[in-house]
Amino acid sequence: MTVGNLTATRPLQPWTAPTASDPVSATLRLPGSKSLTARALVLGALASGPSTLLGALRARDTELMAGALRAMGAHMSIADDDRWLVRPHRLVGPAHVDVGLAGTVMRFVPPVAGLTDGRVTFDGDPAARTRPLGPLVGALRSLGVRIDVTGPGSLPLTVLGTGRVTGGEVVIDASASSQLVSGLLLAAPRFDRGVVVRHVGPPVPSAPHLRMTVQMLRAAGAAVDDGTPDVWTVEPGPLSGRVWEIEPDLSGAVPFFAAALVTGGEVTLRGWPRSSAQPVERLRSLLHEMGGQVSLSTAGLTVRGTGTVHGITADLADVSELTPVLTALAMLADSPSVFTGVGHIRGHETDRIAALAREFTGLGADVTESPDGLEIRPRPLRGGVFRTYHDHRMAHAAAVTGLAVPGVELDDVSCTSKTMPEFPALWSGMVTGGN
């Protein structure tokens, strides 16, 4: 069965989302941020000395990133699940990089491969071949990197590294993903001339992730100028090895916070820093508008709900990863919602807009798909099979819905291993009172 570029496969590991009979009450410690872990691994591999990642996320995406950098010569070791050691080494080929379905791997590693002395091939899961890489390929070629591409600017591809990248100024349309810019910036200190990246096109989505990239580069000793809108300048120079403290993953926490809103309960995420590299204030605003209360204390980041969810109208361009869970909340709200600004998520693990519209319609929802978002008019839902399309965020949306709708069955909950292998156990424990 195919819908647009969506292919629904036969069930892999069916899982019935638990329904909440009482308000949830949980205090959790969740895995580290995927975004922070991925960036710290790249910077560690390019640094002049060793780095340690504390609280790193161990999941499929980050293990693929570590494997990619290790294949090119970086030394990686895992002291325990959340303490990773990175020792930089001369980057050499030949090497093969399996990107899986990880956007960070397919967009952060090719610029690093340009610095490798040798041939580096890239490929991944079948769905990865539909994700946009053309702008990155064009940008790297203009900076002096030789790349062979068999398809129209997508995987599989081969980087023919010479051990150095000239660098310089490049123009790119990064409206499909901020990762296209971040990938260039992370490797740029090692380019002979650094880089000046100019974005030309519709707005770059997920601006907080670009700010995260800039902050981490500066923390590693890079000179970065982002004072001009849509222009980023990175000077050539050494990167310092350091200790990276990885804070909990905000996107991974959102379904748990949503559970507080849906059930009128309370969820606290332990270990949250006072100052965060992630868009906490934006999340706080959205959850407050939908009927929740968000507070930060020494105990952690806490979300409380009343059991009533309100519909909202919101541009989610900066926090597009939250769209699936916010859509699930909107389905259970007391008024309509309109989400815009997320057309680029059609190119994520699956076409998330089409997938959300299709699967919620299958549960009886009244939802309309637009080019860059969704319009949701809440009405009673029924149980049924909810296909995830191998997308962890789709699984999160289904789990949230199942809190209030008995009989929501995910065709494959194992896709959550992409960023949180322990999700099914944590979720069930929270709903049943085991956490």
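Which domains does the domain assignment of the protein chain give? The assignment gives two stretches of structure, listed as domain 1 (15-31 + 248-432) and domain 2 (34-233). Where these two domains touch, the contact takes 18 residues from domain 1 and 21 residues from domain 2, while their C-alpha centres lie 29 Å apart. Everything described here belongs to a predicted model, and the values should be read with that in mind.

## The chain as a whole

The protein chain holds twelve helices and 25 strands, and its C-alpha atoms fill a box of roughly 60 × 45 × 40 Å when this is taken along the principal axes. A compact globule of 435 residues would have a radius of gyration near 22 Å, and the protein chain has 21 Å, which agrees. Of the 435 residues, 59% count as buried. Among the contacts with a separation of 6 or more, 74% are accounted for by residues 24 or more positions apart in the protein chain.

## Spaces inside and at the surface

The structure holds three cavities of 30 Å³ or more, and there are also pockets to consider, of which the largest is described below. The table sets out the largest pocket beside the largest and second largest cavities, with the volume and the classes of the lining residues.

| Space | Volume | Lining by class |
|---|---|---|
| Largest pocket | about 640 Å³ | 13 nonpolar, six polar, eight charged residues |
| Largest cavity | about 420 Å³ | nine nonpolar, 15 polar, eleven charged residues |
| Second largest cavity | about 60 Å³ | four nonpolar, three polar, one charged residue |

The largest pocket is lined by 27 residues, and those nearest its centre are Gly32, Leu54, Gly55, Ile246 and Glu247. Helix H6 (207-219) and strand E16 (243-245) each supply at least two residues of this lining, and the largest share, three residues, comes from H6. Both domains take part in the largest pocket, since its lining draws at least three residues from each of domain 1 and domain 2.

Where does the largest cavity lie with respect to domain 1 and domain 2? Both domains give residues to the lining of the largest cavity, so the cavity lies between them. This lining is made up of 35 residues, of which Lys34, Ser35, Gln179, His209 and Glu321 lie nearest the centre of the cavity. Several helices contribute to the lining of the largest cavity, with at least two residues each from helix H1 (34-46), helix H3 (103-113), H6, helix H7 (250-263) and helix H11 (392-402).

The second largest cavity has a lining that can be named in full, namely Leu30, Pro31, Gly32, Leu57, Asp249, Gly252, Thr419 and Met420. Gly32 appears here, and Gly32 is also one of the residues nearest the centre of the largest pocket.

## One residue in detail

Is Thr323 buried or exposed? Thr323 has a relative accessible area of 1%, and because residues under 20% are counted as buried, this residue is buried. The place of Thr323 is in helix H9, which covers residues 323-331. When residues up to four places away in sequence are not counted, Thr323 touches Leu316, Val342, Ile345 and Leu356.

Conventions
Residues numbered from 1 in each chain as written. Predicted model: local features only at pLDDT ≥ 70, side-chain atom pairs only at ≥ 80, totals over all residues. Heavy atoms only, no water. 1 Å grid on protein atoms, 1.4 Å probe; cavity = no way out; pocket = protein on both sides within 12 Å on 5 of 7 lines; lining within 4 Å. Points joined across faces, edges and corners; volume = space filled by probe spheres on them. Helix = DSSP H or I, 4+ residues; strand = E, 2+ residues; numbered from the N terminus. Nonpolar A, V, L, I, M, F, W, Y, C, P; charged D, E, K, R; others polar. Domains from an automatic or database assignment. Rg over C-alpha atoms; globule rule 2.2 N^0.38 Å. Buried < 20%, exposed > 50% of the residue type's maximum accessible area, 1.4 Å probe, protein only. Contact = heavy atoms within 4.5 Å.
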